[in-house]
Amino acid sequence: ELPEKEKRRPCPELPEHDLGEHDHGEHDHGEREYEWAGIFKVPQSMYMWSAQEVNGAYADEAMKLAILPATAATAEALGALSKEGAHALAEDCVAVPAGGALTPKEDACYSLQFDVHSSQSLYTVNASDVNFLAFFAEHLPTEFESDMHYFKDSVGGDVEPAAELPEKEKQRSCPELPLAAQGMAAKGLTGEEWAGSFGAALIVNIVTLVGVVLAVPGISRLAKAYANAFEGILSAFAAGTLLACALFLLLFEATHFIATGWEEEVAQLWRWGTMALAGFILPAVMDVAVAAAAGGGTAAASVGDGDQAAVDADPRSRARVIGAVLIGDFFHNLCDGFCLGAAFKGCGAGFGWGVALATVLHELPQGLADYAILTGSLVRMSASWALLLNFLSGLPVIIGVLVMNLSDVADSAVGLLLAFGGGVYLYIAAVECMPKIHRLQLSVQTNGLCLLSFFLGALIIGLILLDHEHCALD
């Protein structure tokens, strides 16, 4: 079975209603009256059917649709109803305008009349008296998808068919595409999302070289003269971007994806909360593990605070600091890669670039801090070696993205990863970044600049919401 997103994204670079180059005015369905049939489990009483313009127009001005009660959500149950579905579509159809209601019944056909003056037509489906529904449609419903799934529950979650006719691989083939492009489609990703996710990961990796600016004599002297203010303002900015990304994007959108895998609210909630808490505690666990692996002591713990004076300048302390910085960055960037990949794969390029922006903005101060530690009085590493090791420790972000892109990950698993990433971002912002402002004992004026920096970081991410829809709707 193809991944769930394949049901909604058939062929990259091609409009969905152009698949097969067929003319909707004269469909040849063989002995069938329907082009597509799907069977669903419907535990809720109300659902929504959606049709959208694609590339500025509906695939057809209307579509015949039959909705039959079923005894189970299986391929066998759908096959048993196929003749009845074809018979229903052959009946005189009742015209239903956009905004109308659809009730499941035998020997009944609806003709959905799409609103040509609107980019989207919605219809309510009454499922109060049934547990399973079989739909038989004149056209593929995915031909009427732009950025919203064709069938949704009462809270906006995507509802996917348990079985379909004809089989999905027969519905969607892209023989005219090169093999590489077909591989993208098979993984549920468009070419834009593949290029976007990989490009975003590469940008994040390049940002690890930001420490080179501190090698510039003028900037280096300025950073040393105002070291505390410099660190405080950058930390506040990073905290603002990370908290906004976690709260506005990752944690909220995760709830929609997780809802596709579990029906009960309690089952959704404990999984969401557990993954967020796991992400929150992960950085602390890694700190303890790195410190233990490096021989214990306080060196690894003190690095994050910028207090190198507390560490004796001996080879073991030097090794512990290098290990804390590079190993910690390795796993941190791997998590960033998983989060980026999940954002692009589950939510599309727009949402993915929003998460990428937050990742880049918090990597800037992190990269500067790492460079300062590695070239500081304790480690005394050369600038070239510090930049090289920082860059290598950032490569896992690319690995994480590739793993996500090349894996068949269900929507519910994407939601769990987004919640996990949100928890990691909460920890970095609330535990590592914001407390620095208080520990540095800055002046009132500098504290004010830190607050402005925090609000600026949050505002940059918040602006994404101006043109943002729930990514679970893609």
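Accessible areas here come from the Shrake-Rupley method with a 1.4 Å probe. Keep that in mind for the opening exercise, and remember that you're looking at a predicted model.

**Exercise 1. The whole chain**

Work out what the accessible surface of the chain comes to, and what share of the residues count as buried.

*Solution.*
- Step 1: Start with the outside. The accessible surface of the chain comes to about 21,100 Å², and carbon and sulfur atoms own 62% of that.
- Step 2: Now go inside. The chain has 474 residues, and 51% of them count as buried. To earn that label, a residue needs under 20% relative accessible area.
- Step 3: Tally the elements: you should get 15 helices and 10 strands.
- Step 4: Check how far along the sequence the contacts reach. Take those between residues at least 6 apart in sequence: 81% of them join residues at least 24 apart.

**Exercise 2. Two helices side by side**

Find how H12 and H13 are oriented to one another, and which residues meet.

*Solution.*
- Step 1: Locate the pair. Helix H12 covers residues 383–394 and helix H13 covers residues 396–405.
- Step 2: Look at the geometry. They pack at an angle of about 15°, and their axes are 5 Å apart.
- Step 3: Name the arrangement. Angles under 35 degrees count as roughly parallel, so H12 is roughly parallel to H13.
- Step 4: Pick out the contact. From H12 come Leu392, Ser393 and Gly394, and they meet Pro396, Val397 and Ile398 of H13.
- Step 5: Sort those residues by type: four are nonpolar, two are polar and none is charged.

**Exercise 3. An open sheet**

Put the strands of the four-stranded open sheet in order, and say which ones sit at the edges.

*Solution.*
- Step 1: Read across the sheet: S5-S7-S2-S9, with mixed pairing.
- Step 2: Spot the edge strands. They are S5 (101–102) and S9 (151–152), since each pairs on one side only.
- Step 3: Zoom in on one pair. S2 (residues 46–52) and S9 run antiparallel and are joined by two bridges. Met48 stands opposite Lys152 of S9.

**Exercise 4. The partners of S3**

Which way does S3 run relative to S6 and S8, and how many bridges join each pair?

*Solution.*
- Step 1: Take S6 (residues 110–113). Four bridges link this strand to S3 (residues 62–69), and the two run antiparallel. Here Met63 stands opposite Leu112 of S6.
- Step 2: Take S8 (residues 132–137). Its pairing with S3 is also antiparallel, over five bridges. Across from Pro69 you'll find Leu133 of S8.

Notes. Residues numbered from 1 in each chain as written. Predicted model: local features only at pLDDT ≥ 70, side-chain atom pairs only at ≥ 80, totals over all residues. Heavy atoms only, no water. Axes fitted to C-alpha atoms, helices over the stretch in contact; angles between N-to-C directions. Parallel < 35°, antiparallel > 145°, perpendicular 65-115°, else oblique. Contact = heavy atoms within 4.5 Å. Nonpolar A, V, L, I, M, F, W, Y, C, P; charged D, E, K, R; others polar. Buried < 20%, exposed > 50% of the residue type's maximum accessible area, 1.4 Å probe, protein only. Pairing = 2+ DSSP bridges.
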